[in-house]
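Got the viewer open? Load the model below and follow along, one selection at a time.

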Amino acid sequence: MVKKYRVDLNKLMQVYSANYLLFCRMFPTEMEPGEQLRLRPSGQSSPVFTGDFELKCCEQTRYTSVFAICQRYRHALPGLKEPHMVVKLYHDASLAEVCSSQQISKLKPRYDYPNHQMYQQDEKQQVNLFLYDWLHYCLKHRVAVDA
């Protein structure tokens, strides 16, 4: 009998919390909607994937902020999509959640597998772990922030 996938809510909330702390440590969260920052990693190793990141404030309310993050390649390969995601910060709960990523406009907590889009069962957790890894990358490479 195949066990049905169950969301590990404890693990997911830990990732949300860690992402919030890292995000607030590195970037200003009190930006105006439409305000944009360019992030330049130092010491990039791959000439193909070198490029800057853009952080744009999409929405700012009393308890939440929404940011779009996108990587802009200097030398993009044909057919290679630039990574992008939308992150929502919940200031009252100190959590940061990826709301959309690449072609997925609204992430579900769990997907049946197999599915037409071939999303993983734990796609939401994987995308939030990717944000965690990206934030660590920014921290490790001392990303410079330009207005």
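Start by selecting Leu12, Val15, Tyr16, Asn19, Tyr20, Leu22, Phe23 and Met26: these are the buried residues of α1. Keep in mind as you go that you're looking at a predicted model. Now colour what covers those side chains, which includes β2 (51-60), β3 (64-73), β4 (84-90), β5 (95-101), α2 (123-140) and β6 (144-146). Show the whole helix too: α1 runs over residues 9-26, 18 residues in all, and spans 26 Å from first C-alpha to last, close to the 26 Å expected at 1.5 Å a residue.

Next, zoom in on Asn19, which sits in helix α1. Is Asn19 buried or exposed? Its relative accessibility is 0%, so Asn19 counts as buried. Pull up its contacts beyond the neighbours within four places in sequence, and you get Ala96, Asn128, Leu131, Tyr132 and Leu135. Try a distance label from Asn19 to Asn128: the two are 109 residues apart in sequence, with their C-alphas 8.1 Å apart in space.

Time for the rings. The count of aromatic pairs comes to five. For one of them, select Phe23 and Phe67: the ring centres are 5.1 Å apart and the planes sit at 45°, so this pair is tilted. It links distant parts of the chain, with Phe23 in helix α1 and Phe67 in strand β3, 44 residues apart. Phe23 and Phe67 are both buried.

Then jump to Phe53 and Trp134, an edge-to-face aromatic pair with 5.1 Å centre to centre and 75° between the planes. Here Phe53 belongs to strand β2 and Trp134 to helix α2, 81 residues along the chain. Both of these, Phe53 and Trp134, are buried as well. To see the wider picture, add Phe27 and Tyr137 to your selection: Phe23, Phe27, Phe53, Phe67, Trp134 and Tyr137 make up one aromatic cluster.

Now switch to charged side chains. How many salt bridges are there? The count is two. Pick Arg38 and Asp52, whose side chains meet in a salt bridge at 3.4 Å, N to O. The pair connects strand β1 (residues 36-40), home of Arg38, to strand β2, home of Asp52, with their positions 14 residues apart in sequence. Arg38 has 38% relative accessibility, so it counts as partly exposed, whereas Asp52, at 15%, counts as buried.

The other stop is Glu97 with Lys124, a salt bridge of 2.7 Å, N to O. Glu97 lies in strand β5 and Lys124 in helix α2, so this pair ties together parts 27 residues apart in sequence. Glu97 and Lys124 are both buried.

Switch to cartoon and trace the strands. You'll find an open sheet of six, in the order β5-β4-β3-β2-β1-β6, with antiparallel pairing. The edges are β5 and β6, each pairing on one side only. Ignoring direction, neighbouring strands are turned by 25° against each other on average. For a closer look, take β3 and β4, which pair in the antiparallel sense over seven bridges. Select Cys70 there and find its bridge partner in β4, His84.

Last, bring the helices back over the sheet. α1 lies across β2, β3, β4, β5 and β6, and runs at about 95° to β5. α2 packs on the sheet as well, touching β1, β2, β3, β4 and β5, and its direction makes about 115° with that of β5.

Methods
Residues are numbered from 1 along each chain as its sequence is written. This is a predicted model: local features need pLDDT of at least 70, side-chain atom pairs count only at pLDDT 80 or more; totals for chains, interfaces and linings use all residues. Side-chain values use heavy atoms; hydrogens and water are left out. Helices (H or I, at least four residues) and strands (E, at least two) are DSSP runs, numbered from the N terminus. The expected span of a helix is 1.5 Å times one less than its number of residues. Buried means under 20% relative accessible area, exposed over 50%, partly exposed in between (1.4 Å probe, protein chains only). Contact means heavy atoms within 4.5 Å. Rings of Phe, Tyr and Trp (its six-membered ring) pair if their centres lie within 6.5 Å; planes under 30 degrees apart count as stacked, over 60 as edge-to-face and the rest as tilted. A salt bridge is a side-chain nitrogen of Lys or Arg within 4 Å of a carboxyl oxygen of Asp or Glu. Two strands pair if DSSP finds at least two bridges between them. Axes are lines fitted to C-alpha atoms, for helices over the stretch in contact, and angles run from 0 to 180 degrees between N-to-C directions.
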